[in-house]
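Hi everyone, thanks for making time for this one. I'd like to walk you through how residues are packed in the model I've brought along, so let's put it on the screen.

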Amino acid sequence: MSFSLTLFSGLFLTCICLLGVLALRLGRKVRQQERDLGGLSQTLERSREHAEEQKHRLAERSDLDRAKDEFISTVSHELRTPLTSIRGALGLLSSGLLGDVDARAHNLLRIASTNTERLIRLINDILDLERMESGRSPVNLRRCSLVDLSREAVEMMSALAEAAQIRMELNSYAAHDSIYFDADPDRILQVLTNLLSNAIKFSPEGSTVSLEIDANSDALSLKVIDRGRGIPVDKLESIFDRFQQVESTDSSKKGGTGLGLAICRSIIQQHGGLIWARPNQSWGQSDHNGAQTNPGTTFCVQFCRSARIGDTAFPREIVPLAERGEGLILVCDDDPGIRTVVREQLRRHGYDVIEVSSGEEVIALANEQTMRNAPSPAISAILLDQYLPGLNGWETLRQLKSSVTTAAIPVVILSVSSPSERPLLVGEAQGWVQKPYNESLLLAELGRVLKSNAGTVKDPQHNLRTSRLTV
Amino acid sequence: MRRILIIDDEEDIREVAALSLEATAGWEIVTASNGADGILAAGNSKPVPDAILMDVMMPEMDGPTTFRLMQQNPELAGIPVLLLTAKVQGVDQRRFAGLGVSGVLFKPFNPLTLADQICEKLGWKD
C-alpha cells in the first residue's frame, strides 16, 4: 500500500514536473513568438518609414524639377522680352519700310540684326540642350518615313543652300518598306537640318552636299557628306561637345552657336542611336587636273531597330590610318585599356582598327558595312570581347550570325575562358583567343581566320568591298 | 481696314509691334498696357477690333485671365484672340492649347512677317 502510494506520489510528482517543464517551454515559446511579432511589427514599421521617406524624397525631387522648370521658363522669358524689342526695332529700320537708310548706317543695322539673331539662336539652343540632357524633354515617338523626313529637311535648307551656291542631293538606297521607323519626327528633322546647314556652311561655293539614306531589316543609316575643308582627326570626337568648334572664329564667321552638334548627339542618343563624324573616304585624292580636292567630312547617324529608346550609346574612337592596311578590324571590348593595347598591336602590323565598347555598336557598324553603297571600307573581321555590358558577346555573336547580311564577317572571340568551356560557340565564331593573350598568338589567330575566310566567302559584294579597301 | 488691339505691358514691344503691323499691312492699331485696360479698350472701340494680340505674362491680370473675362462678355466673346508670348517651353505651350485662343505667336517675332503670321493663324486672305 505504502509502495503504491509512493508510486502514485512519484508519478504525480513526475507529472507535475513534466507539466512544469511543458509550461516553461510553452511560456518560452509564447515569449519567443511575442518577440518575433514585435520584430515583425518593427520591420513593418521600418518599411513603412522607408516608404514614407521614399515618397518624401520623390516629392522633393519633383518639387526640385518643378522649381528648375520654373526657373528656366522665367529666364527664357526674361531674355526674350528685351530681344523682342531689339529684333523688332532693328528689323523695321533695316527693312527700309520707315524710310531710306544710308549705306553705312545700313551696314551697322545689318551687323546688329545678325548678332541679335545669333543671340536668339543661342538662347534657344541652350534651353533645348538643357531640357534634353535633364531628361525633361520626352521623345514623342511616331511611325516615320526616313525618306519623307529627309526630303523635308532638304527642302527646308534649300534657301540657305541656294544663297551659298551649294547643290544638294538626296540619295536613298533603302528598300521601300524598310524606311519606316519609330522616332520623334520633329527631333529627327532638327538633326537633319542641323547637319545639312553645317555642311552647307563649310562647303566651298559650287560644291555638292549629299544626304544619303539606307536601311535594312536591322538598322537605318543616314549620312551627310560635304566637300568642305574637313575636320582634323583629333577633333572628330570633340566637335560633338558643347562650344567646341574646329576653329575658334567659326561661331562668329559662320553664325553657329557651337551647340548644334551637341544637340544632335543628345537627340540621337535619346533615340538609342549613334552619331559620329569621319573624313570622307577619298581623303587626299586628287581630281582629274591633279589638284588636291577638299577631303570633306561625312556625318553618320545610325539607328538600330532593336535599340531601346533612352539607351545611351557612347561615341567611339575611329583611328584612320594613312597607310593601306591588310584589313579593317573592328575591336570590341568595354575595357579602354585592352582596346588601346589591341589597337596598337594591330596597327603595328598594318591593320586598320575601329574601336567600339559595346555589342550594340558592333551590330550597328556591321550592318552599315553590308548596306549597298556603303562609303566606308568593309570590316574584315571582328574581335569580340565575351563579357560586355548590355548586349554581351554571345548575344552579339548570335545576332551577327543570324542576320544574313552580317553572317559572312568572321568573328574572333577574345575571352578569359578557354574555348572548351563553350564548345558550341566555336562553330559560330571563326576564332578564339584566350585572355591574357600574347601578341603573336592574337596575330596568328587573326591571320588564320582572315586567310580561311578569304577562300570561303560566298557573298561577291563582300569580296568586292574587301578588295577596294582604303581608309 | 482691319483694326487690331495689342495688349502688352512692355511699352517698347507695343510700339514695335504696332509699327510693324502699320508699316507692313497698313492696319489700324489700338494698344493697351494691361488686361483691364484691354477689356475696356475692346469694349470702347467702335467698331470692335478684328483681332486682339495679347501678351501672357502681365502684372495684376495675365493674358489667360483677361481672355476668360472677355469670353464672359457677349460683346467681346466673338473677337479672335492671339497670344503673343515669350513663353516658348513645351509645358507653357500645352497650357495655352487648352485655353481656346485662336492661336499662339512667339517672341521674339519677326517684325516683317508678324502680319502674315496673324493672317495665317486667323485664316485671313488679306
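On one side of helix H2 of chain B, B:Leu40 and B:Asn44 are exposed. Keep in mind that we're looking at a predicted model. Which residues of this helix, spanning 35-44, are buried? They are B:Gly35, B:Gly38, B:Ile39 and B:Ala42. Those four span an arc of only 100° around the axis, so they sit on the same side of H2(B). Their cover includes strands E1 (3-7), E2 (28-32) and E3 (51-54), along with helix H3 (63-72), of chain B.

Now over to chain A, and a strand this time. In E3(A), residues 180-183, the side chains alternate: A:Phe181 and A:Ala183 are buried on one face, while A:Tyr180 and A:Asp182 point to the other and are not buried. E3(A) pairs with strand E1 of chain A, residues 142-145, in the antiparallel sense over four bridges. Opposite A:Phe181 you'll find A:Cys144.

Last stop, the cores. The largest nonpolar core has 84 residues, and among those touching the most other members are A:Leu196, A:Leu330 and A:Leu384. Helix H4 of chain A (185-201) is its biggest contributor, with seven residues. Why does this core lie between domain 2 (142-304) and domain 3 (318-467) of chain A? Because both domains give residues to it. Apart from this core there is another, of 33 residues, and its members include A:Leu93, B:Ala17, B:Ile29 and B:Leu114.

If you want one residue to click on, try A:Leu384: beyond its neighbours within four places in sequence, its contacts include A:Cys332, A:Val362, A:Leu397 and A:Ile413.

Note on methods
Residues numbered from 1 in each chain as written. Chains lettered and ligands numbered in written order. Predicted model: local features only at pLDDT ≥ 70, side-chain atom pairs only at ≥ 80, totals over all residues. Core = buried A, V, L, I, M, F, W, Y, C linked by C-beta atoms within 7 Å. Buried ≥ 20, exposed ≤ 12 C-beta atoms within 10 Å, placed from the backbone. Helix = DSSP H or I, 4+ residues; strand = E, 2+ residues; numbered from the N terminus. Domains from an automatic or database assignment. Contact = placed C-beta atoms within 7 Å. Arc of directions from axis to C-beta. Pairing = 2+ DSSP bridges.
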